[in-house]
Amino acid sequence: MDSIKSNEDVSHVDVISAKDLLSSGHRYLDVRTVEEFNRGHIDKAINIPYMFLTEEGRVQNPNFLVQVSSVCQKEDHLIVGCNSGGRGRRACVDLLNAGYKDVRNLEGGYSGWVDNEFKGDNKAEAEQFKTACKFRP
């Protein structure tokens, strides 16, 4: 029987390596909220929020794994990203525990992607998002 996965079991990938992997067949799973995603994202990203922002604060998406399984196979090579890395890491743990085989967390998330000046679908909005994010150091 497989052991339960934790944060220590998550593989991480830097943005330079991620860009290469994405050009060679990996898929990008963006786990930010729809609002964050709409402000800017990596080309061809799949957006399935890991958490929702509510009046009570952030709450985990109870349908996250079901929604991922509707568009991704457990054998797919996935790079998971959020804004800075935290939600992505937690999403990776859940995906690994659900049986996904090749899941990697994007170090620095979308902010790291923008910091490296990689163009997403909307560079102007990405720059605005980068400077507006309260979670950035």
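Here's a quick briefing on the fold, the first helix, the main pocket and a handful of individual residues. The model is a predicted one, so treat every value below as computed from that prediction. The protein has 137 residues, and 43% of them are buried. Its secondary structure adds up to six helices and seven strands.

**Overall layout**

- Reading from the N terminus, the elements go β-α-β-α-β-β-β-α-β-α-β-α-α.
- Take the contacts with a separation of 6 or more: residues 24 or more positions apart make up 66% of them.

**Helix H1 and what it packs on**

- H1 covers residues 15-23, and its buried residues are Val-15, Ala-18 and Leu-21.
- Those three sit on the same side of H1, because the arc they cover around the axis is only 115°.
- There's a simple rule behind that kind of pattern: an α-helix has 3.6 residues a turn, so residues three or four places apart point the same way.
- Flip to the other side of H1 and you'll find Asp-20 and Ser-23 exposed.
- The buried residues of H1 pack against three strands and a helix, namely E1 (11-13), E6 (77-81), E7 (102-106) and H5 (109-115).
- The N-terminal end of H1 is capped by Asp-14, which places a side-chain oxygen 3.0 Å from the backbone nitrogen of Ile-16.
- Just past the other end, Gly-25 follows H1 with a positive phi of about 110°.

**The largest pocket**

- The largest pocket comes in at a volume of about 270 Å³.
- Twelve residues line the largest pocket, and those nearest its centre are Leu-22, Ile-42, Asp-43, Lys-44 and Trp-113.
- Two elements give two or more residues to this lining: helix H1 (15-23) and strand E2 (27-30).
- Sorted by class, the lining has six nonpolar residues, five charged ones and one polar one.
- Lys-44, one of the residues nearest the pocket centre, belongs to the loop between H2 and E3.
- Lys-44 is exposed, with a relative accessible area of 80%.
- The backbone at Lys-44 is worth a look too: its phi is positive, about 65°, although Lys-44 is not a glycine.

**Around Glu-36 and Pro-49**

- Glu-36 is part of helix H2, which spans residues 34-39.
- Despite carrying a charged side chain, Glu-36 counts as buried because its relative accessible area is 8%, under the 20% cut-off.
- The Glu-36 side chain has a backbone partner: it reaches the nitrogen of Thr-33 at 2.8 Å.
- Thr-33 turns up again as a contact of Pro-49, a residue in the loop between strand E3 (46-47) and strand E4 (51-54).
- Pro-49 is buried as well, with a relative accessible area of 7%.
- Beyond its neighbours within four places in sequence, Pro-49 touches Val-31, Arg-32, Thr-33, Val-34, Asn-61 and Phe-64.
- Of those contacts, Asn-61 is twelve residues from Pro-49 along the chain, and their C-alpha atoms are separated by 6.8 Å.

**Long-range links: Val-10 and Asn-116**

- Val-10 comes in the segment before E1 and counts as buried, at 7% relative accessibility.
- Setting aside its neighbours within four places in sequence, Val-10 is in contact with Arg-89, Cys-92, Val-93, Leu-96 and Asn-105.
- Val-10 and Arg-104 are 94 residues apart in sequence, yet their C-alpha atoms are 6.6 Å apart in space.
- Asn-116 lies in the loop between H5 and helix H6 (123-132), and it is partly exposed, with a relative accessible area of 35%.
- A polar atom of the Asn-116 side chain lies 2.9 Å from the backbone oxygen of Gly-112.
- Outside its neighbours within four places in sequence, Asn-116 contacts Val-15 and Ile-16; Val-15 is one of the buried residues of H1, and Ile-16 supplies the backbone nitrogen in the Asp-14 cap.
- The Asn-116 and Ile-16 pair spans 100 residues in sequence, with 8.2 Å between the C-alpha atoms.

Note on methods
Residues are numbered from 1 along each chain as its sequence is written. This is a predicted model: local features need pLDDT of at least 70, side-chain atom pairs count only at pLDDT 80 or more; totals for chains, interfaces and linings use all residues. Side-chain values use heavy atoms; hydrogens and water are left out. On a 1 Å grid over the protein atoms alone, a cavity is a set of points where a 1.4 Å probe fits but cannot get out, and a pocket is an open set with protein on both sides within 12 Å along at least five of seven lines; lining residues have an atom within 4 Å of a point. Grid points are joined across faces, edges and corners, and a volume is the space filled by probe spheres set on the points. Helices (H or I, at least four residues) and strands (E, at least two) are DSSP runs, numbered from the N terminus. Buried means under 20% relative accessible area, exposed over 50%, partly exposed in between (1.4 Å probe, protein chains only). A polar contact is a pair of N or O atoms within 3.5 Å; within protein, one must be able to donate a hydrogen and the other to accept it, and residues adjacent in sequence count only if both atoms are side-chain atoms. Contact means heavy atoms within 4.5 Å. The arc is that of the directions from the helix axis to the C-beta atoms.
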